[in-house]
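The exercises below ask for a careful reading of a structural model, each with a worked solution. Please look through the sequence and the coordinates before starting.

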Amino acid sequence: MKEKIKKIGKWPSLPAIALLAILFVYNGVLNPGFFKKSTFFTFLLSSTPMICIVIGVCTCKIVGGIDISLGNLLSLINVTMAYLFSSSDMAAPVIILIGLLIGLGGGLLNGICIGVLRVNPLLATFATSPVYWGLALWIMPTPGGYGVPRELISFVNKTHFGVLPTAVAALAILVILWLLYMKSIYGISIYGIGGNEQSAYVSGMNVARSKVLAHVFGGFCAFVGGLVATGLIASGDPNIGTEFSLKAVTAVVIGGVALSGGEGDVWGALAGGFFLSTILIAIISSKVPTFAQNFANYSIMLCGLVLAVVIKLGAEYYRTRAKKKQSEEVRQ
Amino acid sequence: MNKQALAKSLYSKLKDYIPAAGAIAALGLISTILIDGFMNANNIGAILLRASVLAIVAMGVTFVITAGDSGLDLSTGSLMVVGAMVGPNLRFGGQESLILSFLVVIVIGALIGCVNGVGVYYLKIPALVMTMAMNGLVTGFCILLTRSQLTVNLPAKLVALNDVVVEPFRKMTLLVAAVMILLQLMLTKSKFGQMLQLTGNNRQAARLNGIPVAAIAVGVYSISSAMAAVGGVLLAGYTGLVHIDMTVEYPMQAMAAVIIGGTHAAGGVGSFVGSVMGAIVLTLLNSVLLAFNMPAGARTFIQGLVLLGVLIINNRSAKLRQ
C-alpha cells in the first residue's frame, strides 16, 4: 500500500491533475450548472480540437523534440475540407480522406526535416508553421465555406448511444492509439531516444524513423482535431488553430512531460490541456470584466505553469536529498 | 598554401552570412528585372526604414539565442506595445527629450524582461512557453490599463527620425546601423561578448571559468525586452499611430530574421550584422511579393519556405554517428 502511494507521488502528471481538480471545484461552486450533462458535454466538445493537438505535441515532446506547427496544420485541414465541401462535388468520404492525407503529409514533412535532415525541432516546426498557415490563408483568406454536410455537423454534435459524446469518443480513440503506440517497439524507442539520443543510437534504435513516426502521429492528431473542429464550427476558419500550438506546449509542460524528453505521459498532458480550457470558463463565471479577461487568463496560466514547475523541482530536490541520505547511511 | 588557408578561414568566418546575402542579391536581381520602378532610392529607403524597426527587435533576440540553452524570446511583441504606449507620451518638465524617453523605456523593458529570465533560468520553464505567456500577460495588462484605447502624442523629434539624411538612408536607418556596428564590435572584441559566446557554447565550462552564467542568462532577456521596447518607440514614430495589435507579427518575424542571419540555434555563435541582414531579407521579400500582387496567404507561405530552406542549409546538427 505504502509502495503504491509512493509510486503515485512520483507520477509526473499529478500536479496537473490537482490543478485541474481545483479549477473544476471552483467552477462547480461558482456555477452549479457547469456539471450539468449538456453544459459539460458542450465544454468538452469545444475544447476537443485543442486537446487533440496536446496529445500530438506530447508525443513529439517525449521523443525529445517539439512541434509548434500542429495548430496551423489543423487550420489547414479545416479550411481545405470546408472549401472542398462547399465548392466541389467530391463525395464526403473522399474529402475526409484528403484531410487525413494532409495531416499525415504535414506530419511527415515535419518528421523528415527533424529526423532525416536533423534541423532543430523547434525551428523546423517554427518554419513549417507559416507554410501551413499561409496555405490555409491562401485557400480561404477569411472564414467561410458553409457547405459542410449536415450529417457531419450532427454527427459531431450528437451524443452517441446516449452516453458517449463525440468529444469523448475522439479523445478516447487518440488515447487508445497512443497507449497502443507506446506499448509497441516504436513507442518504447521514443522514450529511449528522449532519454538519451546518443545511447539509443548506439544500442541500435532507428532514431530517424522513430522521430518521423512521432511527428506523423502528431499530424494524425491534427487531422482528428481538424475533423471535430469542422463539424463544430460548420465552416472553415484559417485562424482557428493558430493559438492552439503554443497553448498545447504550455499544457504539456504543465502536464509534467520532461523538458528534455523521455518522461511523462498522456494523462498529465490531457489534464494540462483541460486546465487551460477551463480557465476561460472560470473567468467568465467569476464575472471578470471583458477588458480584464485576457490579463486574468494569462495570469492564471502563468501561475499554473509556475506551480507545476515548482512542485516538480521541489520533488526532484527532495528525491536527490533522500538518495544522498541513504548513501551516507550505507557508508556509515 | 598560405593563400588557401586564408581563403578557408575567410570562408568559415563568412559562411553563415551566405544564405542572407544570397537572398538579398537574388531578391534585388528579381525586382530590378521584373518590377518597373522598384529599385529607386525612395523605395529602397522606405524598405530600409521598415526593416530597421524589425532589425532592432531582432538584434535583441540575437542576444537570447546566442546565450544558448534553446533560448528564444516571443514576448517582444508585447514589449513593443509597452514601448509605443509609454515612450512617445513622455515629457520631462513639459519638454520632449528623445534620449530620456529611450532611457525610461529601456528601464521598463529590462525590468519586464528580467521576469522572463528568472522564469527560464531559475524555474526552468521552457523559454518558448515562458515568453509566450509573458507576451499574453503584458498585452493583457496593456488592454486592462488602456481599455484598448491608446492615445499617442508623438514628439516632433521622433517623427523627424523618418527624415532623409542621404538617399536612401533615413535618420532611423542610420541610428539602427550605428547600434548594429556597436553591438557587433562588442560581441567580437569586448570581454562581455566573449563571455556571452562561451555561455552559449557550454554553460558548464563557462561556470567553471568563473563567468557569471546566471547574470548573463537572465540579463539577455532584459536586453532583448529593452531593445524590443525601443523598437516599439521607433515603430510608433514610423507609423504615427499606436494600437494594441500592431505588433502581433513581430515576435515570429524577429526570430526568423535572427535565424536567416546565421545565428546558430544551438547558441554560442551569433551575429548582429547577420540579424540586420535577415530583417532586410524578410522586409524585401515582403515588398517584392506585394509588388507581384500576391495575397497575404501566399506571402506567408513563401516566407515559411525561405525560412525552412535557410534552416536546412545552415542550421543542421551533427550526425549521431560522430
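**Exercise 1.** Determine what share of the contacts in chain B between residues at least 6 apart in sequence join residues at least 24 apart, and then examine the overall form of that chain.

*Solution.* Counting a contact as heavy atoms within 4.5 Å, one finds that 77% of these contacts in chain B join residues at least 24 apart. The model is a predicted one, in which local features need pLDDT of at least 70, side-chain atom pairs count only at pLDDT 80 or more, and totals for chains, interfaces and linings use all residues. Residues are numbered from 1 along each chain as its sequence is written, chains are lettered from A and ligands numbered from 1 in the order in which they are written, and side-chain values use heavy atoms, with hydrogens and water left out.

Next comes the form. The C-alpha trace of chain B spans about 65 × 55 × 35 Å along its principal axes. Its radius of gyration, taken over C-alpha atoms, is 20 Å, which agrees with the value near 20 Å for a compact globule of 322 residues, the globule rule being 2.2 Å times the number of residues to the power 0.38.

Finally, 54% of the 322 residues of chain B count as buried, where buried means under 20% relative accessible area, exposed over 50%, and partly exposed in between (1.4 Å probe, protein chains only).

**Exercise 2.** Describe the interface of chain B and chain A by its residues, its area and its salt bridges.

*Solution.* Begin with the residues: 44 of chain B are in contact with 43 of chain A. The size of an interface is often given as the accessible area lost when the parts come together. Here the buried area, summed over both parts with a 1.4 Å probe, is about 4000 Å², and carbon and sulfur atoms give 82% of that area. As a last step, the rule for salt bridges (a side-chain nitrogen of Lys or Arg within 4 Å of a carboxyl oxygen of Asp or Glu) finds zero across this interface.

**Exercise 3.** Is Thr80(A) buried or exposed, and which residues does Thr80(A) contact beyond its neighbours within four places in sequence?

*Solution.* Locate Thr80(A) in helix H4 (residues 70-87) of chain A, helices being DSSP runs of H or I with at least four residues, numbered from the N terminus. Because its relative accessible area is 10%, Thr80(A) is buried. With those neighbours left aside, Thr80(A) is in contact with Ile102(A) and Ile139(A).

How values were computed: Buried area is the accessible area (1.4 Å probe) that two parts lose on being put together, summed over both.
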